[in-house]
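Thanks for making time for this. I would like to take you through one model this morning, starting with how its interior is put together and then moving to a few of its helices.

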Amino acid sequence: MTASVPHNSTIAKASSTRSPRTRIDALHTAEDQTDIRLGRIIRVLMDYSTTVVSGTKLAQEIGSTRSEVWRLVQQLRTLGVEIAGHPSSGYQLTAAPDLLLPEMLEPLVRGTVFGEHIHHYYRAGSTNTIAMEAAAAGAPEGSVFLAEQQTAGRGRGNNQWHSAESAGIYCSVIVRPALPPSEVLVLSLAAGLAVHAAVREIDSKLMVDLKWPNDLLIEGKKFCGILTEMNAEATRVRHIVIGVGINVNQAEFPAELRHSATSLRIETGSEWSRVDVCAALLKSLDREYKSLIANRDAPSEILQRFEEQSSMIRGKAVRIEENGGFEGVTEGLDSRGFLQVRTRDGLRIVYSGTVRLATGH
């Protein structure tokens, strides 16, 4: 069974017997995975940040030729990396790049479950789609898939996620917890707590609000969405993909989103390091995940913390846009993490659907 959480309604076809490694490599080729030599060039230039590095030295370090180094340097420049110099004089970084390359992130997340299998794309359809296919092909737990830009980013309910180039974080991770499918919603809520903690770790003054089940808001505007999808049997999860989209450095949004979306840059008036935000996210998500699978009391603690960090979980007049829609007042989460709403006809459990403040509230 493949499903978005909390929507768990579709059946996945059995995977083929083609070898996992071959299938993952083919997937990466189809999605134009980043040339690993680009990251290696940046790593060498960062290691020798105070000196000019010759084209010959770079060629030796990445196992290529000087002419290929020149081509790769030109490609990095088109991606916004500030590199001074040319083939005859050598090269030097003039500013640390804010690209979510494995070489930038791995030293910062070493020791976490997400520290060894980071995959980067300059452009991809959807990191969640890539991650789900890679998980089915045997990608290990902790695999991370990042894109500088998505051309078909997805939100909950097949909504499109606006993915401006190198302005946000578009990240999907694979986990394989020993959980029954009925308990997976708690993991999605834990991911929201992880984003909340990561942002507050960098700027404790930002008032970040959690909106059930998978949005994060600042001053009522959305800056982060979470899409959790799983492949499961009746009693056990095969794999789960947690997709996180964070608006980081967007200065503006398309007209149709300006009243509902925001970014960390807009709210603080300054640019953020996407590398720092992504590293904080992965470390925070690592803590939440390890606690969940090791601590019997973690699910109830996650639900309690989610309620504490969300302004809409209790005592808010809301409208639920599902099954024709209904209104009521929120009364917290049930033991599985679903939203409880008190209506004129009694207590109702919200399993899916958009939650909005009721008109006039």
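I will begin with the ground rules, then the cores, then the helices.

What you see is a predicted model, in which local features need pLDDT of at least 70 and side-chain atom pairs count only at pLDDT 80 or more, while totals for chains, interfaces and linings use all residues. Residues are numbered from 1 along each chain as its sequence is written, and side-chain values use heavy atoms, with hydrogens and water left out.

Let me start with the nonpolar cores, meaning sets of buried Ala, Val, Leu, Ile, Met, Phe, Trp, Tyr and Cys residues joined through side-chain atoms within 4.5 Å, where buried is under 20% relative accessible area, exposed is over 50% and partly exposed lies in between, using a 1.4 Å probe and protein chains only. The largest core has 89 residues, and the members that touch the most others are Val-195, Trp-212, Phe-223, Ile-242, Ile-246 and Leu-264. Its largest share, twelve residues, is supplied by helix H7 (residues 184-202); helices here are DSSP runs of H or I with at least four residues, strands are E runs of at least two, and both are numbered from the N terminus. There is also a second, separate core of twelve residues, including Met-132 and Phe-145.

How, then, does H7 pack with helix H9? The axes of H7 and H9 (residues 274-294) lie 8 Å apart at an angle of about 140°, the axes being lines fitted to C-alpha atoms over the stretch in contact, with angles running from 0 to 180 degrees between N-to-C directions. H7 is therefore oblique to H9, since under 35 degrees counts as roughly parallel, over 145 as roughly antiparallel, 65 to 115 as roughly perpendicular and the rest as oblique. Among the residues making the contact (heavy atoms within 4.5 Å) are Ala-190, Ala-194 and Val-195 of H7 and Val-277, Leu-281 and Leu-285 of H9.

Elsewhere, helix H2 (residues 36-47) and H4 come within 10 Å and cross at roughly 85°, which means that H2 is roughly perpendicular to H4. Ile-41 and Ile-42 of H2 are among the contacting residues, as are Val-69 and Leu-72 of H4.

Ser-67 also belongs to H4 (residues 66-78), and it counts as exposed because its relative accessibility is 55%.

Finally, in helix H5 (residues 102-109), the buried residues include Met-104, Leu-105 and Val-109, and the buried residues of H5 pack against H2, strand E4 (118-121), strand E5 (144-147) and H9.
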